[in-house]
Number of protein chains: 2
Amino acid sequence: MPLTLEDIARISGVSRSTVSRVINDEPNVSESTREKVLEVIQKINFQPNLAARGLAVGKTRVLGMVIPTGVTSLFTDPFFPLLIQGVSSACNSLDYSVMLWLAEPEFERRTIRQILYSGLIDGVIISSALNDDPIINSLAESRLPFVLIGRHLSNQQISYVDVDNRIGAQQAVLHLIRNGRKRIGTIAGPQNVIAGIDRYQGYLDALHERGITVDPDLTTFGDFTDPGGYACMRRLLEYNPDGVFAASDSMALGAMRAIHDTGLKIPEDIAVIGFDDIPQASQSLPTLTTVRQPIIREGMLAAETLIGMIEGSPEPPRHIILPTELVIRDSCDFHKGQPLRKEVILLQKQRDR
Amino acid sequence: MPLTLEDIARISGVSRSTVSRVINDEPNVSESTREKVLEVIQKINFQPNLAARGLAVGKTRVLGMVIPTGVTSLFTDPFFPLLIQGVSSACNSLDYSVMLWLAEPEFERRTIRQILYSGLIDGVIISSALNDDPIINSLAESRLPFVLIGRHLSNQQISYVDVDNRIGAQQAVLHLIRNGRKRIGTIAGPQNVIAGIDRYQGYLDALHERGITVDPDLTTFGDFTDPGGYACMRRLLEYNPDGVFAASDSMALGAMRAIHDTGLKIPEDIAVIGFDDIPQASQSLPTLTTVRQPIIREGMLAAETLIGMIEGSPEPPRHIILPTELVIRDSCDFHKGQPLRKEVILLQKQRDR
DNA sequence: AAATAAATTGGGAGCGCTCCCATATATAAT
DNA sequence: ATTATATATGGGAGCGCTCCCAATTTATTT
């Protein structure tokens, strides 16, 4: 039922080709016909068929975004929503659309592949994949441009956007040490995701830097979720930590509940630092000291990088590492007993590897 | 570079048409050729071009999902993420893909329309639009199937999925009344979104039902966000409420912080009930009594309904209203002073208008 | 066995667009 | 004027698929 180029052409008394030129803002159309055609398009409210254009041109101006569920409690944590917001925002301004796949575990890899290579999308953003996910190697071998959110260990040919998780974590733990904490535990993230690995390494880095021996009893591994953080903290509490670095704010908030439930005080008895700076971090009681990462910017940069790859000449793979900031709030107080209310933000220099 | 039907046909020694039949699982292909062709497809890892199919068939098996940002603090609240999860999940199992548009305010309506009518999507789900959003009338006049999340007041021809916000809110307030609360305030939602309107009406319904006069001082209007709830609660506190119904959990959590900050006790001094049952509701201190709505199911139903409209015969518009449940936790205690820890869930009968 | 029916297969046309090239028209240079 | 050049315009071909119909093969019936 919808009209076609040919219809518009007939109505405005020109040819299909001319209408196409007008729509695509190409040169070599006289001002008078351009106006005439535009007028008809406006009046009829004509929209060219993008599927047909996609077929003809081989590009759809659609980006895919794949988010594995199951890695974390997908949407309890605002990480993914914010990431999507960033991607979507960049796409909006660059005239791209975004197609979203929440890759449920049951929803097998094969199906994903089916969609990726079906010509519906020009490129794809893969978020926080397991670092050995076969989909990545499969993509690397294909011709489809893609960008990872979260760096990739082995293959240097792969473009990615990430934050400096390791340095961020290290700064957090150093802060705890400066704060006078002696028994600093960690609730690390899963060790099959790069963010989990890097943040744990940052924790170790800080301890090593200050010559503190790592106590295995003070190390637990959660799943980035609040209940996971709660459970880990209960285990840690048996070993009397006086400071805890959690690899996500959700886990930190869960940990704070666990501490609260045993009657201990934060930060007097135990200091807590999280990672992410989700909105709840500034609304908890006490407010949570955390490592802020610019999630929306990550999403935007990933989209922009991908679009660059799609449209641009063949460039070398891009590795973008964004800096983090330590946001100091009440859960980890330098002067014991009297929280500093103001937020001190330590800016960290940007590093681009 | 990717292969086409014709290539597969050549390799397996049959015709394009036969390959097409095999791929689409059509009858009238002999078992032997079917196997032969399937083998080639498997080996080559062939993926048919969906843009081409879309052109030929006039359907893309892609759903659009439009979420207006700006209406609420989009992603602080897990409402939209869960909704997306529901939609995505239904799409996964019905072999559809979902295209997401976060309609930023600057991102004008025209652009959205451009995309909607471009033949890239077979239908669209519009979430929590303002109830006078011109996009809805525009859609209603078009031929594009669409489903609203959140009912529509004026046009009965429009299909939607919603929860029974009004009854849910009413139940919550009745619970406060049964609880012995005398001065029950509300932090209502914005009155240009149907959920905001209905939940406020439910509050009024409950008061009227029990013959309680409505005190305008005890009515405030927030924006569904936590800081909004905090601000509203501060205003309410000047009028000494002993119970508050907030139209979203985020606002309820903000309200609890405001109450806490003035040194009052929950539920002893003020009882609080929220709406949504987001994960944080069961992790707050005290845990939050709230009206649970099945967000993921809403998303799934919306997608299923829409796909039904796309594929099915012309049916009458579907109006699906899901029931809510009152989840009783500690923030609103029946026996003053001694919280009942266990969650009592009052099931409400399903109503389908 | 022939005649009929049913199942299988192939190829043309077309979905709505872009791209390329040929043609027509306007402009500039000789 | 005449040729050369730049600018506008139209139409064919083709992107990779599905759909339809004709042709071929196979199975069933008389």
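## Interface of chain A and chain B

No salt bridges (a side-chain nitrogen of Lys or Arg within 4 Å of a carboxyl oxygen of Asp or Glu) are found across the interface of chain A and chain B. This is a predicted model, in which local features need pLDDT of at least 70 and side-chain atom pairs count only at pLDDT 80 or more, while totals for chains, interfaces and linings use all residues. Residues are numbered from 1 along each chain as its sequence is written, chains are lettered from A and ligands numbered from 1 in the order in which they are written, and side-chain values use heavy atoms, with hydrogens and water left out.

The size of an interface is often given as the accessible area lost when the parts come together. Chain A and chain B bury about 4200 Å² between them, and 61% of it lies on carbon and sulfur atoms; buried area is the accessible area (1.4 Å probe) that two parts lose on being put together, summed over both. Chain A brings 45 residues to the contact and chain B brings 45 residues, with contact meaning heavy atoms within 4.5 Å. Eight residue pairs, both at pLDDT 80 or more, are in polar contact between the two chains. A polar contact is a pair of N or O atoms within 3.5 Å; within protein, one must be able to donate a hydrogen and the other to accept it, and residues adjacent in sequence count only if both atoms are side-chain atoms.

## Elements at the interface

On the side of chain A that touches chain B, the elements giving two or more residues are helices H4 (50-57), H5 (79-94), H6 (109-116), H10 (226-237) and H11 (249-261) together with strand S2 (97-103). H5(A) gives the most, with seven residues. Helices (H or I, at least four residues) and strands (E, at least two) are DSSP runs, numbered from the N terminus.

By class, this side of chain A has 25 nonpolar, 15 polar and five charged residues. Ala, Val, Leu, Ile, Met, Phe, Trp, Tyr, Cys and Pro count as nonpolar, Asp, Glu, Lys and Arg as charged, and the others, Gly among them, as polar. S2(A) and S2(B) (residues 97-103) run antiparallel and are joined by three bridges; strands pair if DSSP finds at least two bridges between them. In this pairing A:Val98 stands opposite B:Leu100.

## DNA strand C

DNA strand C is surrounded by 27 residues, the closest being A:Leu5, A:Arg16, A:Ser20, B:Ser15 and B:Ser17; a residue is near a strand if one of its heavy atoms lies within 4 Å of it. Of the strand C atoms that come within 4 Å of the protein, 59% belong to sugar and phosphate.

Base oxygens of strand C lie 2.5 Å from a side-chain N or O atom of A:Arg16 and 2.7 Å from one of B:Arg21. A polar backbone atom of A:Ala52 is 3.5 Å from a base nitrogen.

## DNA strand D

Around DNA strand D there are 28 residues, of which A:Ser15, A:Ser17, B:Leu5, B:Arg16 and B:Ser20 come nearest. Sugar and phosphate make up 60% of the strand D atoms within 4 Å of the protein. H4(B) supplies the largest share of the surface near this strand, five residues.

The side chain of A:Arg16 has an N or O atom 2.8 Å from a base oxygen of strand D. Phosphate oxygens of strand D lie 3.0 Å from a polar side-chain atom of A:Thr18 and 2.8 Å from a side-chain N or O atom of B:Asn24.

## Salt bridges

Over all chains, 28 salt bridges are found. In one of them, A:Glu31 and A:Arg34 have their closest N and O atoms 3.8 Å apart. These two residues are separated by about one helical turn because they are three residues apart in helix H3 (residues 31-44) of chain A.
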